[in-house]
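Colleague: Before we discuss the ligand site, could you show me the model and then take me through the reasoning behind each label?

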Amino acid sequence: PLRENPFSMTATTPNSAKHKKAKALKPGTIRPAKELCSECGLCDTYYIHYVKEACAFLNQQIPELETQTHGRSRNLDNPDDWYFGVNQNMMAARKLQPIEGAQWTGIVSTIAIEMLTSGKVEGVVCVQNTKEDRFQPMPIIARTPEEILAARVNKPTLSPNLSVLEQIEQSGMKRLLVIGVGCQIQALRAVEKELGLEKLYVLGTPCVDNVTRAGLQKFLETTSKSPDTVVHYEFMQDFQVHFKHEDGSIEKVPFFGLNTKELKDVFAPSCMSCFDYVNSLADLVVGYMGAPFGWQWIVVRNDRGQEMLDLVQNQLETQSVTSKGDRHQAVQQSIPAYDKGVTLPMWAAKLMGVVIEKIGPKGLEYARFSIDSHFTRNYLYVKRHHPEKLAAHIPEFAKRIVGQYTLPD
Ligand code: FAD
Ligand code: SF4
């Protein structure tokens, strides 16, 4: 009989045993993606075995993973695909009875609860916060509606959602829902086949301009009048940051009045190099930026996404997405202003915000405005800080988006 080669794992060791021999990195140690690491959590588990292929910042493979997940990748002849990714339906929606304390109306939490209580999944990966700090992320596998509800509202900080992956295999769970942002979902898709699951559903949110916990503190202290009482904030479609405070009051600061010089290095290097704003690999994406103010924006990417949405349809009010205005000039003007760190006096920033809100891009055109502004900024960041990554790291759809503008050197 053939003798086993004790040094070869390829022929005789099943795939699952291979990664179990890998060792998770200890907290605080440098990660394989170095400064570009978004702390997605993969390297906190033995799935670090796959990091070279799986990490969104070491191996951008959005088109391949789109084909694996949705059956096709973005159609590069269709500019809507450049922006919003593979999709079969899009709409604006809001909950008839919003969840108190959710980021928007709580569509994400509601879907997760219905997935669990209907028995479609046995657990939900989501992120609560620690007892001591409302913005310190604490990823969990929720097994009750209460645990899902306790994870509502954004933790606007890098969150190691995938750090719970080892627990999935250990728990013997076979049907799972994962909630997450683009970089987490890219790594998840790359190791999906190794998780031993029968069914995986992925509910994503768009994500941009995320920060470390220290970076968040700096952002709050530089921008809000009362940083310690902020419970959540959002960059809104009216071109202002809305801070919600503990007492329920809303503080509004115009985008154009942000102290860009101070804030230039506040965003994490991972987020300055990210081109997956719209979470290309989720089955269903729930954000807000393509919808009218007060509504959420829903992108159904495939049949699993539709299946999730169907579960909550009777709890939603919906309307078609619309698009108004032309973003190009506003984006082109914002490029050198951001690049040079120009900060307008507050009165001028407020005035500009009012004017642009009246005549500026709306609906899907606002989403394109935000994508264009961030992709041009991030393109320049990668070009200057990691020129060797420019060709392979930036997906073709993003190169086409950036190619519409004139950029400084
Ligand atoms: P909720 O019912 O309140 O549920 C929120 C869910 O988000 C929870 O299940 C929680 O597990 C999960 N979550 C919270 N923080 C994180 C995190 N750090 N990483 C991964 N998962 C997390 N939408 C846009 O349209 N445009 C944007 O520019 C945009 N930027 C975002 C930036 C960040 C950092 C995040 C986390 C989200 C962003 N979103 C953006 C999504 C949007 O803010 C809402 O999260 C989304 O519309 C869902 O709202 P909801 O009320 O249904 O969510
Ligand atoms: Fe590891 Fe995730 Fe950081 Fe990449 S982004 S190095 S996969 S923890």
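Modeller: In this predicted model, α5 gives the most to the shell around ligand 1, with three residues.

Colleague: Which elements supply at least two residues each to that shell?

Modeller: They are α5 (107-117), β2 (123-129) and β9 (284-287). The shell holds 33 residues, of which Trp104, Ser109, Asn154, Lys155 and Tyr288 come nearest to ligand 1.

Colleague: What makes the approach of Ser109 to an oxygen atom of ligand 1 a polar contact?

Modeller: The cut-off for a pair of N or O atoms is 3.5 Å, and an N or O atom in the side chain of Ser109 is 2.6 Å from an oxygen atom of ligand 1, so the pair counts as a polar contact. The side chain of Asn154 also has a polar atom 2.7 Å from an oxygen atom of ligand 1, while for Gln184 a polar side-chain atom lies 3.5 Å from a nitrogen atom of ligand 1.

Colleague: How much of the accessible area of ligand 1 does the protein cover?

Modeller: On its own ligand 1 has 930 Å² of accessible area, and the protein covers 98% of that.

Colleague: How do the residues of the shell divide by character?

Modeller: They divide into 17 nonpolar, 13 polar and three charged; Gly is counted among the polar residues.

Colleague: And which residues are closest to the centre of the second largest pocket?

Modeller: That pocket encloses about 560 Å³ of space, and of its 31 lining residues the closest to the centre are Arg31, Cys37, Ser38, Glu39 and Cys40. Its lining comprises 19 nonpolar, six polar and six charged residues.

Definitions and conventions: Residues numbered from 1 in each chain as written. Chains lettered and ligands numbered in written order. Predicted model: local features only at pLDDT ≥ 70, side-chain atom pairs only at ≥ 80, totals over all residues. Heavy atoms only, no water. 1 Å grid on protein atoms, 1.4 Å probe; cavity = no way out; pocket = protein on both sides within 12 Å on 5 of 7 lines; lining within 4 Å. Points joined across faces, edges and corners; volume = space filled by probe spheres on them. Near = heavy atom within 4 Å. Polar contact = N/O pair within 3.5 Å; in protein donor to acceptor, adjacent residues only side chain to side chain. Areas by Shrake-Rupley, 256 points an atom, 1.4 Å probe, with all protein chains shown as cover. Helix = DSSP H or I, 4+ residues; strand = E, 2+ residues; numbered from the N terminus.
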